[in-house]
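Open the model in your viewer and keep the sequence panel visible. The stops below say what to select and what is found there.

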Amino acid sequence: MNSKLKAILLATGLSSAAITGAQLTDKWEGNSLSVYVDAVGVLTACRGHTSKDLKLDQIFTEQQCMEIFAKDIAKEDKQLLSLTAPVTLTHSEHAAYLSFLHWAGYGNFASSTLRKKLLAGDRVGACKELTQACSTNKQTGERVCNGWTYGTDLFGNKVRLNGLIKRRAEEQTICLSELGLLQSTGVRNESLTNH
C-alpha cells in the first residue's frame, strides 16, 4: 500500500487493525481507474468498489480511487464492529474479517455461519469458515463446502475463482494467527468477549 493511501486511511480515524485490513483488501482487490465488469458480472471500479451508480464508460483518478476506498473501508469497519459486538476482535481477526466483509458485503456477513460461530464464542471455527463454509446450489441441490471462494455469474451459477481461494486462505491464516497464541498462553476465547 502506498504512503498516500495509508495517510488518507489514517485521516479517517481508522484503528491500526482496520488499516491492516485495508492493506490486505488493497492487495487482493487491485486498483482499476476505469469501471469494469468483474468475474461474476458486477460493475466494479477502483479497489473493489461497487455501486448502482457506476457506468462502464466511467474513469477515475488515482486520488478519487483512494478516497472512494477510504470511504468504503470506513463504512465497512463500522459495519463489522456493529455485526461482531459484543465480541472484542483481536487485531488479526479484525483485519481478516474487514477484508472479507469488503468482498462479501454486509448482508452476507450478517447472515453467515462465520458470524454465528464468532458470536457463540467459537472463534477458531469462525476463522475456519473463511475456507470451509458450506452452501447449497439452488439449482442442483448439491452441497458444496469450499469456503467463500465462489461468485455467482449473471445466470445464477456458482463459479469458483482461484483468486478467492488464495485470498480466503490468507485471510484465514491471519484470522487464526493471534488465536493460536491466545490458546497457547491459556487465555480462553470467552475472556475476549465483552459482557
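Select R160 to begin; R160 sits in strand β7, residues 158–160. Strands here are DSSP runs of E of at least two residues, helices are runs of H or I of at least four residues, and both are numbered from the N terminus. The model is predicted, so local features need pLDDT of at least 70 and side-chain atom pairs count only at pLDDT 80 or more, while totals for chains, interfaces and linings use all residues. Residues are numbered from 1 along each chain as its sequence is written, and side-chain values use heavy atoms, with hydrogens and water left out.

R160 has a relative accessible area of 40%, which makes R160 partly exposed. The classes are buried under 20% relative accessible area, exposed over 50%, and partly exposed in between, with a 1.4 Å probe and protein chains only. Now add the surroundings of R160: leaving aside neighbours within four places in sequence, R160 is in contact with N146, T149, Y150 and I165. Contact means heavy atoms within 4.5 Å. Draw the distance from the C-alpha atom of R160 to that of Y150: the value is 4.3 Å, for residues 10 apart along the chain. The side chains of R160 and T149 make a polar contact of 3.1 Å. A polar contact is a pair of N or O atoms within 3.5 Å; within protein, one must be able to donate a hydrogen and the other to accept it, and residues adjacent in sequence count only if both atoms are side-chain atoms.

**Second stop: H49 and C46**

Go to H49 in strand β3, residues 49–50. Is H49 buried or exposed? H49 is buried, at a relative accessible area of 16%. Which side chain joins that of H49 in a polar contact of 2.8 Å? The partner is D72. D72 also appears in the contact list of H49, which, without neighbours within four places in sequence, reads L43, T44, L54, I68 and D72.

Move to C46, in strand β2, residues 43–46. C46 is buried, with a relative accessible area of 1%. Check the backbone of C46: phi is positive, at about 55 degrees, although C46 is not a glycine. Most residues other than glycine have a negative phi, and most peptide bonds are trans.

**Third stop: T84 and the loop after it**

Select T84 in helix α3. T84 counts as buried, at 1% relative accessibility. A polar atom of the T84 side chain lies 2.8 Å from the backbone oxygen of L80. Not counting residues up to four places away in sequence, T84 touches L89, F109, L118 and L119.

Continue to P86, in the loop between α3 (62–84) and α4 (91–104). Display omega for the peptide bond from A85 to P86: the bond is cis, with omega near 10 degrees.

**Fourth stop: K116 and helix α7**

K116 is in helix α6, residues 113–119. With 54% relative accessibility, K116 counts as exposed. From the C-alpha atom of K116 to that of A126 the distance is 7.8 Å, and the two residues are 10 apart along the chain.

A126 is one of the buried residues of α7. How many of the 10 residues of helix α7 (residues 123–132) are buried? Seven are, so the helix is mostly covered. Colour these residues together: R123, V124, G125, A126, C127, E129 and L130.

**Fifth stop: L10**

Select L10 in helix α1, residues 3–11. L10 is partly exposed, at 49% relative accessibility. The C-alpha atoms of L10 and I174 are 21 Å apart, with their positions 164 residues apart along the chain.

**Last view: the whole chain**

Zoom out. The protein has eight helices and seven strands. Its radius of gyration is 17 Å, close to the 16 Å of the globule rule for 195 residues, so the protein is as compact as a globular protein of that length. That radius is taken over C-alpha atoms, and the rule is 2.2 Å times the number of residues to the power 0.38. Along the principal axes, the C-alpha atoms fill a box of roughly 55 × 50 × 25 Å.

Colour by burial: buried residues make up 43% of the 195 residues. Among contacts between residues at least 6 apart in sequence, 56% join residues at least 24 apart.
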